[in-house]
Amino acid sequence: MSLNSKQNVRCPKCGQMTDVTVWNSVTVSDSVDLKQDLLRGQVNMFRCPSCGHAALMPTPMLYHDEEKRLMISFSPCHDPILKSQLFDNIRKTSKESGELSNLEGYNLRFVTDYNELLEKILIFDNGMNDKTVEMIKLMILSQDVDKSVDRVCRFGKRDGDEIEFMIYDARENQTYTSRVPIATYETVDTSLRESGVKPYSFDWEQVDGAYATKLLQGFNN
Ligand SMILES: [Zn+2]
């Protein structure tokens, strides 16, 4: 069930007070419009009617797509230590409450970045798995190893027989696109399955560049 609350927020720029609807839970089956707002980056985004200042509300949100058996726990956070504590916490509470047994066959993801949340929704909406997509992103970034530290690669869209990725280079302040054939996705996906990577979760997972790097190291060893 989608759940929200109203918060009265003071604009950090101009001091104007505004009522903001904050969503703690978004369930796709009962709120298609809300999902569209989320994909447009409008959910839990504070916008000051007086000065136009925009900022993400620091509210955790649970995204649930029952049909796709996908649950994403989003906790806005930029601090790596806090991130790791939050992740340990969700694993611990899920285990203690026994909720994991109700989520068999699910993909359970933990993210702390809004763009990563939206990216994961898009990947699963396109019938793909983010573990495979993260491997391909790593392959794309490794084509230019020297620049990879400044770059963020995100799934863009599925376009016919190709997947389009967006690569943002922070140093150059430029965005590039990279296109990968669907056949490459399928090859990588098959090899992941053959190596024992399951298309569902046994617990909450962080599926990101670090995850893909670990998988790759497993292959090489
Ligand atoms: Zn303002």
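This is a short talk on how the helices, strands and cores of one predicted model fit together.

Okay, hi everyone. Remember as we go that the model is predicted. I'll take the two sheets one at a time, and then look at the cores.

Let's start with the five-strand sheet. It is an open sheet, and its order is E1-E2-E5-E6-E7, with mixed pairing. Which strands stand at the edges? Those are E1, residues 3-10, and E7. Each has a single partner strand, so one side of each is left without a neighbour in the sheet. On average, neighbouring strands here are turned by 25° against each other, if you ignore direction. Looking inside the sheet, E5 and E6 are antiparallel and pair over five bridges. If you want a spot to find on screen, look for Leu 62, which sits opposite Ser 73 in E6.

Now, the core. The largest nonpolar core has 17 residues. Val 26, Tyr 63, Ile 72, Phe 74 and Leu 117 are the ones with the most contacts inside it. Where do the core residues come from? The elements giving two or more are strands E2 (17-27), E5 (61-65), E6 (70-74) and E7 (107-111), plus helix H3 (114-125). Which of them gives the most? That's E6, with four residues.

Let's zoom in on Phe 74. Setting aside neighbours within four places in sequence, Phe 74 is in contact with Pro 60, Met 61, Tyr 63, Val 111 and Leu 117. And there's another core lying apart from the largest one: it has eleven residues, including Met 135, Ile 136, Cys 153 and Ile 167. Keep Met 135 and Ile 136 in mind, please.

On to the other sheet. Three strands make an open sheet in the order E8-E9-E10, and the pairing is antiparallel. At its edges you find E8 (151-159) and E10 (174-181). Again, each edge strand has a single partner, so one side of each has no neighbour in the sheet. The average turn between neighbouring strands is 25° here, direction ignored.

Let's walk through it strand by strand. E8 and E9 run antiparallel and are joined by eight bridges. Arg 158 has Ile 163 in E9 as its bridge partner. Between these two strands is a hairpin with two residues in the gap, where Gly 160 takes a positive phi near 60°.

Then we go from E9, residues 162-169, to E10: antiparallel pairing once more, over eight bridges. Here are some pairs you can click on. Ile 163 stands opposite Val 180, Glu 164 faces Arg 179, and Phe 165 has Ser 178 as its bridge partner. The hairpin here has four residues between the strands, and Asn 173 in the turn has a positive phi of about 50°.

So is E10 buried, or does it lie largely in the open? Of its eight residues, the number buried is zero, so E10 lies largely in the open.

What about the helices? H4 lies across E8, E9 and E10, at about 120° to E8. H5 packs on the sheet too, touching E9 and E10, and its direction makes about 70° with that of E10.

These two helices also pack on each other. In general, you describe two packed helices by the angle between their axes and the distance between the axes. For H4 (130-141) and H5 (182-194), the angle is about 115° and the axes are 9 Å apart. The crossing is right-handed. Who meets whom? From H4 we have Lys 131, Thr 132, Met 135 and Ile 136, and from H5 we have Thr 184, Tyr 185, Val 188, Asp 189 and Leu 192. By class, that contact has five nonpolar, two polar and two charged residues. And there are Met 135 and Ile 136 again, both in the eleven-residue core.

One last residue: Asp 208. You'll find Asp 208 in the loop between H5 and helix H6 (209-220). Why does Asp 208 count as partly exposed? A residue needs 20 or more C-beta neighbours inside 10 Å to be buried, and 12 or fewer to be exposed. Asp 208 has 18, so it counts as partly exposed. Also, the C-alpha atoms of Asp 208 and Phe 110 are separated by 9.9 Å, with the two residues 98 apart along the chain.

That's my tour. Thanks for listening!

Key: Residues are numbered from 1 along each chain as its sequence is written. This is a predicted model: local features need pLDDT of at least 70, side-chain atom pairs count only at pLDDT 80 or more; totals for chains, interfaces and linings use all residues. Axes are lines fitted to C-alpha atoms, for helices over the stretch in contact, and angles run from 0 to 180 degrees between N-to-C directions. A crossing is left-handed if the near helix is turned anticlockwise from the far one by less than a right angle, and right-handed if clockwise. Two residues are in contact if their C-beta atoms, placed from the backbone, lie within 7 Å. Ala, Val, Leu, Ile, Met, Phe, Trp, Tyr, Cys and Pro count as nonpolar, Asp, Glu, Lys and Arg as charged, and the others, Gly among them, as polar. Two strands pair if DSSP finds at least two bridges between them. A nonpolar core is a set of buried Ala, Val, Leu, Ile, Met, Phe, Trp, Tyr and Cys residues joined through C-beta atoms within 7 Å.
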